[in-house]
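Biologist: Hello! I am new to this one, so could you walk me through it step by step?

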Amino acid sequence: KIQGLSMSFRSSQKQYLMNLQGQKKGSGGQAFDFLNQPSKKPASMQAEDDLGFDSMQMQMLEDTEDLVNQRDEEIMRIAKSIEELAQIFKELAVLVIDQGTILDRIDYNMENAVEHAKEGVKQLHKA
């Protein structure tokens with residue numbers, strides 16, 4: 001019984017991952033149509049599905065769903081923070097480049113001032 005469930009789960013999981021990869025590659029919006037198709041389980045396993053969950057299992061399921069939703073929200077917040085951090089680093093890179101350009105100009109102007117000062121000293125010695 002467990003082996004049959006395990007094999008069915010692995011098969012469903014494999015199909016899901018293949019459809020997910022197809023969606024990532026841009027195969028169109030039909031990648032998850034399999035979720036709306038009727039189940040292809042053996043009759044013995046479908047009979048077990050009709051039993052449903054008891055109240056304790058339903059409570060555990062709801063608690064688990066709440067935890068999953070909270071985790072999903074946290075992951076989304078982390079992803080947003082990472083995007084904001086990436087934007088900050090891009091802006092910082094622009095500032096560093098601009099300041100480097102300004103430093104290069106200051107260095108160039110200092111070299112020109114030194115050369116002009118040396119030339120001025122030479123002119124003073126001649127006079």
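Biologist: Is Leu 92 buried, partly exposed or exposed?
Modeller: Happy to help, and please keep in mind that this is a predicted model. The relative accessible area of Leu 92 is 43%. Buried would mean under 20% and exposed over 50%, so Leu 92 counts as partly exposed.

Biologist: Which helix holds Leu 92?
Modeller: The helix in question covers residues 55-126. Leu 92 therefore falls within that range, and the name of the element is helix H3.

Biologist: What is the accessible area of the nonpolar surface patch that includes Leu 92?
Modeller: Leu 92 shares this patch with Leu 85, Ile 88, Phe 89, Leu 95 and Val 96. A residue needs over 30% relative accessible area to join a patch, and Leu 92 has 43%. Together, the patch residues have an accessible area of about 590 Å².

Biologist: Which residues form the negative surface patch?
Modeller: One of them is Glu 111, which lies in helix H3. Glu 111 is partly exposed, at 46% relative accessibility. The full set is Asp 104, Asp 107, Glu 111, Glu 115 and Glu 119.

Biologist: What pattern does the protein follow along the sequence?
Modeller: Let's start with the elements: there are three helices and zero strands. Read in sequence order, that gives α-α-α.

Biologist: What share of the residues counts as buried?
Modeller: The protein has 127 residues and exposes about 11,800 Å², with carbon and sulfur atoms supplying 59% of that area. Buried means under 20% relative accessible area, and the share of residues that count as buried is 3%.

Biologist: Which element has the lowest mean pLDDT?
Modeller: Across the protein, pLDDT averages 80, and 78% of the residues score at least 70. Helix H3 has the highest mean among the elements, at 91. Where pLDDT is low, the predicted coordinates should not be read in detail. The lowest mean, 51, belongs to residues 43-49, helix H2.

Terms used. Residues are numbered from 1 along each chain as its sequence is written. This is a predicted model: local features need pLDDT of at least 70, side-chain atom pairs count only at pLDDT 80 or more; totals for chains, interfaces and linings use all residues. Side-chain values use heavy atoms; hydrogens and water are left out. Patches are made of residues with over 30% relative accessible area and no salt bridge: like charges are joined within 9 Å, nonpolar side chains (Val, Leu, Ile, Met, Phe, Trp, Tyr) within 5 Å. Accessible areas come from the Shrake-Rupley method with a 1.4 Å probe; for residues, only the protein chains shown count as cover. A salt bridge is a side-chain nitrogen of Lys or Arg within 4 Å of a carboxyl oxygen of Asp or Glu. Helices (H or I, at least four residues) and strands (E, at least two) are DSSP runs, numbered from the N terminus. Buried means under 20% relative accessible area, exposed over 50%, partly exposed in between (1.4 Å probe, protein chains only). Lys and Arg count as positive and Asp and Glu as negative; His and the chain ends are not counted. The place of a charge is taken as NZ of Lys, CZ of Arg, CG of Asp or CD of Glu. pLDDT is the predictor's confidence in each residue, from 0 to 100.
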